[in-house]
Amino acid sequence: MKPATQQRPKYYDLNLANLPAAGLVSIFHRISGAFLFVPAIPALLYLMQATLGSEAGFLHWKGVLAMPVVKVILLGFVWLYAHHFFAGIRYLLLDLHWGIGKDSSRASARLVFVLGALATLALAWRIW
Amino acid sequence: MAAFKLPVGAHYGLTAWLMQRLTAVVMVAYTLLMAGIALWCPPGNYSDWKGLFSGSFLRLATMLFFVALLYHAWVGVRDIIMDYIKPTGLRLTLQALVGTALVFYLVWSVSILWGR
């Protein structure tokens with residue numbers, strides 16, 4: 001007879017495809033943060049320097065940013081920023097014990113993905 | 001085994017945790033401000049764009065954003081490095097490189113906003 005208090009094995013399925021929404025928000029928050037550190041921060045600083053430095057630089061980069069392939073890359077980084085932004089706001093609210101119930105935290109995790117995608121689509125619509 | 005956490009350590013982890021959140025709030029405010037500018041009065045030419053950052057309010061707000069961004073990046077990237085890079089020498093080397101890059105970016109952002 002085994003004791004009733006026996007520790008049962010725990011199994012956490014860490015496969016990305018099977019993570020609950022909150023887990024996906026978390027890992028994409030980390031991945032987006034890494035890409036925002038490199039290459040987004042130096043790229044942003046370089047772009048500001050080049051476009052504020054001279055009118056020739058401004059016109060050059062305005063032309064580059066009008067190219068469709070560059071727009072797609074830009075939208076990729078906008079999505080990274082938007083996801084990091086909304087996921088971060090969710091964490092700030094969770095820190096304040098706002099929406100920490102199982103259902104509300106699941107709903108807010110899904111909302112983070114929806115808002116990140118909507119912000120990106122809104123900008124895509126704006127620049128095309 | 002002691003069932004309690006030993007009250008030792010430098011305690012700067014709490015500072016980092018708190019600053020990560022404070023800097024996030026600063027960046028949320030700046031992001032909303034810039035989104036508003038992009039929506040209602042987007043700068044279309046060079047003089048608009050340059051004029052935007054020549055006013056002292058937006059210049060200071062942008063500087064505050066960069067300070068918050070670089071501090072926030074330091075906490076976040078350090079967390080990532082501590083989680084995945086186990087060999088101490090490599091971990092400390094990477095942390096030193098990241099810190100050096102962030103200080104360089106800080107000086108760079110000052111020179112972009114004021115150095116002309």
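**Two all-helical chains and their contact**

Chain B holds four helices and zero strands. From the N terminus on, the order of its elements is α-α-α-α. The model described here is a predicted one. The radius of gyration of chain B is 19 Å. For 116 residues the globule rule gives 13 Å, so chain B is more spread out than a compact globule. Along the principal axes, the C-alpha trace of chain B spans about 65 × 30 × 20 Å. Buried residues account for 13% of the 116 residues in chain B. Contacts in chain B between residues at least 6 apart in sequence were also examined. Of these, 73% join residues at least 24 apart.

One residue of chain B was followed in detail. B:Met34 sits in helix α1 of chain B, which covers residues 12–40. B:Met34 has 15 C-beta neighbours inside 10 Å. A buried residue needs 20 or more such neighbours, and an exposed one has 12 or fewer. B:Met34 therefore counts as partly exposed. B:Met34 and B:Ala96 are separated by 62 residues in sequence. In space, the C-alpha atoms of B:Met34 and B:Ala96 are 32 Å apart.

Chain A also comes to four helices and zero strands. Its elements run α-α-α-α from the N terminus on. The radius of gyration of chain A is 21 Å, whereas a compact globule of 128 residues would have one near 14 Å. The C-alpha atoms of chain A fill a box of roughly 85 × 25 × 25 Å, taken along the principal axes. Buried residues make up 15% of the 128 residues in chain A. Among contacts in chain A between residues at least 6 apart in sequence, 73% link residues at least 24 apart.

Helix α1 of chain A is not straight throughout. At A:Ala40, α1(A) bends by about 40°. A proline, A:Pro42, follows within four residues. The buried residues of α1(A) are A:Val25, A:Ser32, A:Gly33, A:Leu36, A:Phe37 and A:Thr51. These buried residues pack against elements of both chains. In chain A, the partners are α2, α3 and α4, the last covering residues 102–127. In chain B, they are α2 (46–52) and α3 (56–84).

Helix α1 (residues 21–53) and helix α2 (residues 55–65) of chain A pack with their axes 5 Å apart. The angle between these two helices is about 125°. An angle counts as oblique if it falls outside the roughly parallel, antiparallel and perpendicular ranges, and the perpendicular range ends at 115 degrees while the antiparallel one begins over 145. α1(A) and α2(A) are therefore oblique to each other. On the side of α1(A), the contact is made by A:Leu47, A:Ala50, A:Thr51 and A:Gly53. On the side of α2(A), it is made by A:Gly57, A:Phe58 and A:Trp61. By class, this contact has four nonpolar, three polar and no charged residues. A:Thr51 is thus named twice: it is among the buried residues of α1(A), and it takes part in the contact with α2(A).

The two chains touch each other. In this contact, 18 residues of chain A meet 16 residues of chain B. On the side of chain A, the elements that give two or more residues are α1, α2 and α3 (68–95). The largest share, 11 residues, comes from α1(A). By class, the side of chain A that touches chain B has 11 nonpolar, four polar and three charged residues.

Methods: Residues numbered from 1 in each chain as written. Chains lettered and ligands numbered in written order. Predicted model: local features only at pLDDT ≥ 70, side-chain atom pairs only at ≥ 80, totals over all residues. Axes fitted to C-alpha atoms, helices over the stretch in contact; angles between N-to-C directions. Parallel < 35°, antiparallel > 145°, perpendicular 65-115°, else oblique. Contact = placed C-beta atoms within 7 Å. Nonpolar A, V, L, I, M, F, W, Y, C, P; charged D, E, K, R; others polar. Rg over C-alpha atoms; globule rule 2.2 N^0.38 Å. Bend = angle between axes of the 7 residues up to and from the residue.
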